[in-house]
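Visitor: I should like to take a close look at a single part of this structure. Please describe one helix with its surroundings, and then say what may be found elsewhere in the chain.

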Amino acid sequence: MADASRTSTAHVLIAADKFKGSLTAAEVAGHVTAGLRRAVPGLTVSAVPVADGGDGTTQAAVAAGFAPQRVQVTGPTGVPVTATFALRGDGTAVVEMAEASGLQHLPKGVFAPLTATTYGTGELLRAALDAGATSIVFGVGGSATTDGGAGMLAALGARFLDADGEPVAPGGGPLRDLATADLSGLDPRLAKTEIVLASDVDNPLTGPKGAPAVYGPQKGASEEDVATLDAALAHYAEVLARAVGPEAAEHALAPGAGAAGGIGFGALVGLDAVFRPGIDVMLDVLGFAPALAQATFVITGEGSLDAQTLHGKAPAGVAAAARAAGLDVVAVCGRLQLPQEALAAAGIRRAYALTDLEPDPARCMAEAGPLLERAAERLARDFLV
Ligand SMILES: Nc1ncnc2c1ncn2[C@@H]1O[C@H](COP(=O)(O)OP(=O)(O)OP(=O)(O)O)[C@@H](O)[C@H]1O
Ligand SMILES: O=C(O)[C@H](O)CO
């Protein structure tokens, strides 16, 4: 082939997400760079580690130059956890809900589908306001919770009471006992803050495509728990609609309302957030467009390239933007679960999977770095020399 990417004058842009469980996005970029340069010494390579709003979003912002700010907040089960948000000099903060309420914070990995709370996420947002944030990219996904964001709103000053006038207990399950909601005590700084809901998914709050049905099981919800949570969140939306107006009912149907256990809904109703696909928001925040303008060839990727990837995950967003700029895109991944046609439809010419180099999944995870270097070397020989 005679395209520019096959000459040593290529400028390769690596814009890959993390390989969850084995490498951060910045580590992926480092190993790919090392492998490429083994095949093509002196190759020009730049990297924009990416994320889609879910876990890894703060890390990607920090890799792009944001300052990390550590805070102690309430974890999903009430045990304190240390969470980090990222702040830039212009007052833009990246707040990732998984930092406070993500699956990784479940003590000993024990699920709490009915009781896990987003209270700590509200505390993290408050810390960003305290630090002077005037614009917040609110990345959601990878959560342990299905509480519709009630915990988050409570931490920011909302009140959720049962029929006896007592605060309802933490978590999505207890929302079935909700009698009244009062958002008048929400932190007044929120009204002056632009909040973008950077969501990894576009599901509605409830129903067959809703948060409990689709993402409840990955948080340990049984079939019965899913039904309980679905009814509780539908009831919560009704009570909020009585409190703030019928737009709450509309927000429950909006894309992204069902993100991260319905925190999307809580953010739309209580924080006046604007929904955008997480990868699009993050590409803007991370400075992807200027980096793309310098590039002649793009490498993207994530741990598992699968059906979910095509639904707005990082590699799909990167590939769409790169293809729109007329550039070739290839991917690296831990495991590949998409046929060639699906990759091509997403704008990805070829994917290099670590499992092709090492069939034992455990070794693939443990030796991800060196394997990725070998995969990148192969990629470079196929496309860049
Ligand atoms: N080194 C590796 N070798 C083989 N497979 C890997 C490796 N690292 C990660 N994976 C696979 O990728 C999965 C994680 O997928 P991925 O990194 O795409 O995140 P995800 O679960 O889709 O979440 P997100 O939406 O945050 O990207 C792991 O469960 C594992 O199956
Ligand atoms: O946290 C979750 O529920 C999933 O990542 C979808 O947002």
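Guide: Let us begin inside helix 13, where the buried residues are A314, P315, A316, G317, V318, A319, A321 and A322. The model is a predicted one. Helix 13 has eleven residues, and with eight of them buried it is mostly covered.

What lies over these buried residues? The cover of helix 13 includes helix 10, helix 11 (288-294) and helix 12 (307-310), together with strand 11 and strand 12.

Of these neighbours, helix 10 deserves particular attention. Helix 10 spans residues 278-285 and helix 13 spans residues 314-324; their axes come within 9 Å and cross at roughly 60°. The two helices are therefore oblique to each other. The crossing in which helix 10 passes helix 13 is right-handed. On the side of helix 10, the residues that take part in the contact are I279, D280 and L283, and on the side of helix 13 they are A314, G317 and A321. By class, the residues of this contact comprise four nonpolar, one polar and one charged. A314, G317 and A321 thus appear twice in this account: they belong to the buried residues of helix 13, and they meet helix 10.

After helix 13 comes G326, which has a positive phi, near 80°. A positive phi also occurs in two residues that are not glycine. One of them is D272, with phi near 55°. D272 is placed in the loop between helix 9 and strand 10 (274-277). D272 counts as partly exposed because it has 13 C-beta neighbours inside 10 Å, whereas a residue needs 20 or more to be buried.

The other is A260, whose phi is positive at about 45°. The loop that holds A260 runs between helix 8 (247-253) and helix 9 (263-270). A260 has 36 C-beta neighbours inside 10 Å and so counts as buried.

A260 leads us to a bound molecule, for it is one of the residues around ligand 2. The others in this shell are G54, G141, G142, S143, D200, V201, Y215, A259 and G261. Sorted by class, the shell of ligand 2 contains four nonpolar, five polar and one charged residues.

Strand 11 and strand 12, already named in the cover of helix 13, lead in turn to ligand 1. Strand 11 (297-305), strand 12 (328-336) and helix 15 (361-366) each contribute at least two residues to the shell around ligand 1. Which residues come nearest to ligand 1? Among the 24 residues around it, they are K20, G303, G334, C364 and A368. The shell of ligand 1 is made up of six nonpolar, nine polar and nine charged residues.

Finally, let us turn to strand 2, which covers residues 44-47 and includes A47. Is A47 buried or exposed? A47 is buried, because 20 other C-beta atoms lie within 10 Å. If neighbours within four places in sequence are left aside, the residues in contact with A47 are I14, A29 and T33. E166 stands 119 residues from A47 along the chain, and the C-alpha atoms of the two are separated by 51 Å.

To return to the starting point, helix 13 is mostly covered, and helix 10 is among the elements that cover its buried residues.

Methods:
Residues are numbered from 1 along each chain as its sequence is written. Chains are lettered from A and ligands numbered from 1 in the order in which they are written. This is a predicted model: local features need pLDDT of at least 70, side-chain atom pairs count only at pLDDT 80 or more; totals for chains, interfaces and linings use all residues. Axes are lines fitted to C-alpha atoms, for helices over the stretch in contact, and angles run from 0 to 180 degrees between N-to-C directions. Helices (H or I, at least four residues) and strands (E, at least two) are DSSP runs, numbered from the N terminus. Angles under 35 degrees count as roughly parallel, over 145 as roughly antiparallel, 65 to 115 as roughly perpendicular and the rest as oblique. A crossing is left-handed if the near helix is turned anticlockwise from the far one by less than a right angle, and right-handed if clockwise. Two residues are in contact if their C-beta atoms, placed from the backbone, lie within 7 Å. Ala, Val, Leu, Ile, Met, Phe, Trp, Tyr, Cys and Pro count as nonpolar, Asp, Glu, Lys and Arg as charged, and the others, Gly among them, as polar. A residue is near a molecule or strand if its C-beta atom, placed from the backbone, lies within 6 Å of it. A residue is buried if 20 or more other C-beta atoms lie within 10 Å of its own, exposed if 12 or fewer, and partly exposed in between; C-beta atoms are placed from the backbone.
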